[in-house]
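Student: Hey, I've just opened this one and I'm new to it. Can we walk through it together?

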Amino acid sequence: MDNPQYLREGVEELAAHYKDILTLLGEDVEREGLQKTPIRVARAMQALTRGYFQDPEATLKEAMFAEEYNQMVIVKDIDFYSMCEHHMLPFFGKVHIAYIPNGYITGLSKIPRVVDIFSHRLQVQERLTQQIKDCIENTLHPMGVMVVVEAEHMCMQMRGVEKQHSVTTTSAFSGAFNQAKTREEFMNLIK
């Protein structure tokens with residue numbers, strides 16, 4: 001069942017467009033299996049793009065605490081699913097995040113929530129990686145942030161080059177992670 005909190009105004013209009021798309025693809029939208037497909041797809045797309053209506057910085061601030069801890073904090077293996085903006089096909093994988101606090105920490109559950117917010121928008125992996133880093137950096141003002149995203153792209157596997165099992169890795173870092181030694185420590189810890 002769809003989660004109604006993700007449904008927004010315009011779902012019926014969106015469904016009408018999906019009905020037209022199915023017709024243009026040569027389908028009979030009155031066929032039993034397709035009668036409810038346009039509304040299902042409209043609801044699914046609203047859920048998959050709910051990140052446009054959520055504030056990732058506010059999410060971090062909800063559980064932001066003064067703390068003198070100044071060693072690396074790592075949250076790794078955060079599962080994510082997103083939609084490629086070029087073909088509107090899924091890409092998915094894992095996000096690994098580290099930050100070195102500078103007077104403030106955030107609740108550990110807030111880090112994966114930031115990933116969810118940005119991944120629930122039409123995306124490219126490179127921007128997703130940068131947006132996560134920038135959000136943590138701009139909100140917590142840590143001594144450094146590093147984000148590594150590893151993903152499989154259905155637009156590469158289902159169409160185009162059709163290369164199965166290929167993984168794309170992107171990274172973004174700042175502050176203390178500009179030092180090769182700190183980056184290497186993080187990379188060793190996430191292996």
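**Charged pairs, a helix and a pocket**

Tutor: Sure, and keep in mind that this is a predicted model. Let's start with a pair: the side chains of Glu 30 and Lys 19 form a salt bridge, at 3.6 Å from N to O.

Student: Where do Glu 30 and Lys 19 sit?

Tutor: Glu 30 is in the loop between helix 1 and helix 2, while Lys 19 is in helix 1, so the salt bridge ties together parts that are 11 residues apart in sequence.

Student: Is Lys 19 buried, exposed or partly exposed?

Tutor: Lys 19 counts as partly exposed, because its relative accessibility is 36%.

Student: Ok, and how many salt bridges are there in the whole structure?

Tutor: A search finds seven. Some of them join up: Lys 133, Asp 134 and Glu 137 are linked in a network.

Student: What are the N to O distances there?

Tutor: Asp 134 and Lys 133 meet at 2.9 Å. For Glu 137 and Lys 133 the value is 2.7 Å.

Student: How far apart are Glu 137 and Lys 133 along the helix?

Tutor: They are four residues apart in helix 5 (residues 125-140), so about one helical turn separates them.

Student: And which of the three count as buried or partly exposed?

Tutor: Lys 133 has 6% relative accessibility, so it counts as buried. Asp 134, at 26%, counts as partly exposed. Glu 137 is partly exposed as well, with a relative accessible area of 25%.

Student: Switching topic. What's the span of helix 2?

Tutor: Helix 2 covers residues 37-48, which is 12 residues, and reaches 16 Å from its first C-alpha to its last. That is close to the 16 Å expected at 1.5 Å a residue.

Student: Which of its residues are buried, and what do they pack against?

Tutor: The buried residues of helix 2 are Thr 37, Pro 38, Ile 39, Ala 42, Met 45, Gln 46 and Ala 47. They pack against helix 1 (11-24) and strand 2 (73-84).

Student: How much space is in the largest pocket?

Tutor: About 160 Å³. It is lined by 10 residues, and those closest to its centre are Gln 54, Thr 59, Arg 113, Asp 116 and Ile 117.

Student: Which element gives the largest share of that lining?

Tutor: Helix 4 (residues 110-119), with four residues.

Student: And how do the lining residues divide up by type?

Tutor: Five are charged, three are polar and two are nonpolar.

Terms used:
Residues numbered from 1 in each chain as written. Predicted model: local features only at pLDDT ≥ 70, side-chain atom pairs only at ≥ 80, totals over all residues. Heavy atoms only, no water. Helix = DSSP H or I, 4+ residues; strand = E, 2+ residues; numbered from the N terminus. Expected span 1.5 Å × (residues − 1). Buried < 20%, exposed > 50% of the residue type's maximum accessible area, 1.4 Å probe, protein only. Contact = heavy atoms within 4.5 Å. 1 Å grid on protein atoms, 1.4 Å probe; cavity = no way out; pocket = protein on both sides within 12 Å on 5 of 7 lines; lining within 4 Å. Points joined across faces, edges and corners; volume = space filled by probe spheres on them. Nonpolar A, V, L, I, M, F, W, Y, C, P; charged D, E, K, R; others polar. Salt bridge = Lys/Arg side-chain N within 4 Å of Asp/Glu carboxyl O.
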